[in-house]
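Subject: Handing over the structure

Hello,

Here is the structure I promised to pass on to you. Have a look at it first, and then read on for what turned up in it.

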Amino acid sequence: MTPNTNDVRGSEQFVDMYQPSTIAGDFAAKHIITVEQFSHADLQALFVDTLAIRARVQGHDTSLLQTCAGRVMATLFYEASTRTDMSFQAAMRRLGGDVIATSGGVQFSSVYKGENLADTVRAVGCYADVIVLRHPDIGSSYEAAYYLDQLGSQLARKPLLISGGDGIGEHPTQALLDLFTIVDSKGGVDGLRIAMVGDLRYGRTVHSLAKLLAQYEAQGVTLYFVSPPLLSMPAYILEFLDAHGIGYHQSDSLDEVLGEIDVIYWTRVQEERFADAAGYLAIAGRFIMTHSLLARAKHDAILMHPLPRKHEMGTSADHAALDADPRSIYFRQMENGMFVRMALLAKVLGANLS
Ligand code: NCD
């Protein structure tokens, strides 16, 4: 299914045309499009609420169901998803809100008839208070927010947009849950050496996480980008890090640094983004995390992965060996995703969390 767009500008041009509001201490009624909207203080506020929500869920606190009662979230996914889709759905339901989607998935919506993103997102905005959008085009979440703002003047409500990933651009809520997991597991970020390994070119999670970590330059965070040269971190992300004064190193060898790394963030080679299979196969097997490799990492390092994982974590037997190592925290990372998304939904919907 190729999303049709009658808009000759294309989604990417909305990145320059549309400036999402910074959070600046107030999440209410803000679209969530890019990690650039968040300050250090905003992240702290979000994480305080996330911790409180996690404790309330653990304690079966049913008063959480009052938080978003009567509010409706729509999921609009033009790309495959398990975690982002389901964790947002679970988050909204655990806050007492409702969730809607086209009955047979987006392929049975009017997208199938050729409707463009601008019209589809406005249709969904007529029914939902908040829309979680995943789309294959960079800038699609900017475009969606732009059209929702236009619609807002005609409607009784102002529908909000949360990006669930825009192509090879950003995945802001994944970065929020990744950072929360780092802070939660390591007790903070001070002086951490954080390695991102694998497909840094097409992997949107590492684009957002690197930019988010730029907030912590004063805490002495150092980033290590490890990838084959063909899959290195895009220049615009490196420029962003330079502008924020955050230290980083680029390499195509993990051996040089593994023993010094505190956070190992492993990624899947994004097969679906390659123009040809040969290009993918040429580099697909370059970085494989196995338990024998993890054995060479620091005893208190943590191993993260946004998931899904494929062969970049070896065979099923390798998966099992990694899962048994207490340094592997990707399942906790996943569960944290639901708590962070609960806090975010409550805050953008202006709900009372006490
Ligand atoms: C990631 C994504 O979709 O960007 N998955 C996720 O949301 N947890 C990473 C990936 O697909 O490799």
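Let me start with a question: which residues of β1 are on one side, and which are on the other? Val72, Ala74 and Leu76 are on one side of β1, while Met73, Thr75 and Phe77 are on the other. Those residues are all buried, so both faces of the strand are covered. The background is that side chains in a regular strand alternate between the two faces of the sheet. Counted residue by residue, 6 of the 6 residues of β1 are buried. The partner here is strand β2 (residues 98-100), which runs parallel to β1 and is joined to it by 3 bridges. If you want a spot to zoom in on, Met73 stands opposite Val99 in β2.

Before going further, please keep in mind that this is a predicted model.

The overall picture

The protein has 12 helices and 9 strands. Its C-alpha trace spans about 60 × 50 × 40 Å along the principal axes. For 354 residues, a compact globule would have a radius of gyration near 20 Å, and the protein agrees with this because its own value is 20 Å. Of these 354 residues, 55% count as buried.

Contacts reach far along the chain: among those between residues at least 6 apart in sequence, 81% join residues at least 24 apart. The accessible surface comes to about 14600 Å², and carbon and sulfur atoms account for 51% of that. As for charges, there are 29 positive and 40 negative ones, and their mean positions lie 5 Å apart.

Two more covered elements

Strand β4 (residues 160-166) is another mostly covered strand, with 7 of its 7 residues buried. It pairs with strand β3 (residues 130-135) in the parallel sense, over 5 bridges. In that pairing, Leu133 has Ser163 of β4 as its bridge partner.

Among the helices, take a look at α7 (residues 204-213). The rest of the structure largely encloses this helix, because 10 of its 10 residues are buried. The buried residues include Arg204, His207 and Lys211, along with Val206, Leu209, Leu212 and Leu213.

Thr205 is found in this helix too. Why does Thr205 count as buried? Its relative accessible area is 10%, and the cut-off for buried is under 20%. Leaving out residues up to four places away in sequence, Thr205 touches His171, Gln174, Tyr265 and Pro306.

Some backbone details

Most residues other than glycine have a negative phi, and most peptide bonds are trans. With that in mind, here are three places to inspect.

Ala24 is not a glycine, yet it has a positive phi of about 45°. You will find Ala24 in the loop between α1 (14-17) and α2 (40-58). Is Ala24 buried or exposed? At 64% relative accessibility, Ala24 counts as exposed.

His60 also has a positive phi, of about 50°, although it is not a glycine. This residue lies in the loop between α2 and β1, the strand we began with. With a relative accessibility of 69%, His60 counts as exposed.

The third place is the peptide bond between Leu307 and Pro308, which is cis, with omega at about 10°. Pro308 sits in the loop between β9 (302-304) and α11 (316-323). It is partly exposed, with a relative accessible area of 40%. Not counting residues up to four places away in sequence, Pro308 touches Arg83 and Arg268. Arg83 is 225 residues from Pro308 in sequence, but their C-alpha atoms are 8.5 Å apart in space.

One last loop residue

Finally, find Thr290 in the loop between α9 (277-284) and α10 (291-294). Thr290 is buried, at 17% relative accessible area. Beyond its neighbours within four places in sequence, Thr290 is in contact with Asp318 and Leu322. How far is Thr290 from Tyr18? These two residues are 272 apart along the chain, and 43 Å separates their C-alpha atoms.

Enjoy exploring, and do write back with any questions.

Best wishes

How values were computed. Residues are numbered from 1 along each chain as its sequence is written. This is a predicted model: local features need pLDDT of at least 70, side-chain atom pairs count only at pLDDT 80 or more; totals for chains, interfaces and linings use all residues. Side-chain values use heavy atoms; hydrogens and water are left out. Helices (H or I, at least four residues) and strands (E, at least two) are DSSP runs, numbered from the N terminus. The radius of gyration is taken over C-alpha atoms; the globule rule is 2.2 Å times the number of residues to the power 0.38. Buried means under 20% relative accessible area, exposed over 50%, partly exposed in between (1.4 Å probe, protein chains only). Contact means heavy atoms within 4.5 Å. Accessible areas come from the Shrake-Rupley method with a 1.4 Å probe; for residues, only the protein chains shown count as cover. Lys and Arg count as positive and Asp and Glu as negative; His and the chain ends are not counted. The place of a charge is taken as NZ of Lys, CZ of Arg, CG of Asp or CD of Glu. Two strands pair if DSSP finds at least two bridges between them.
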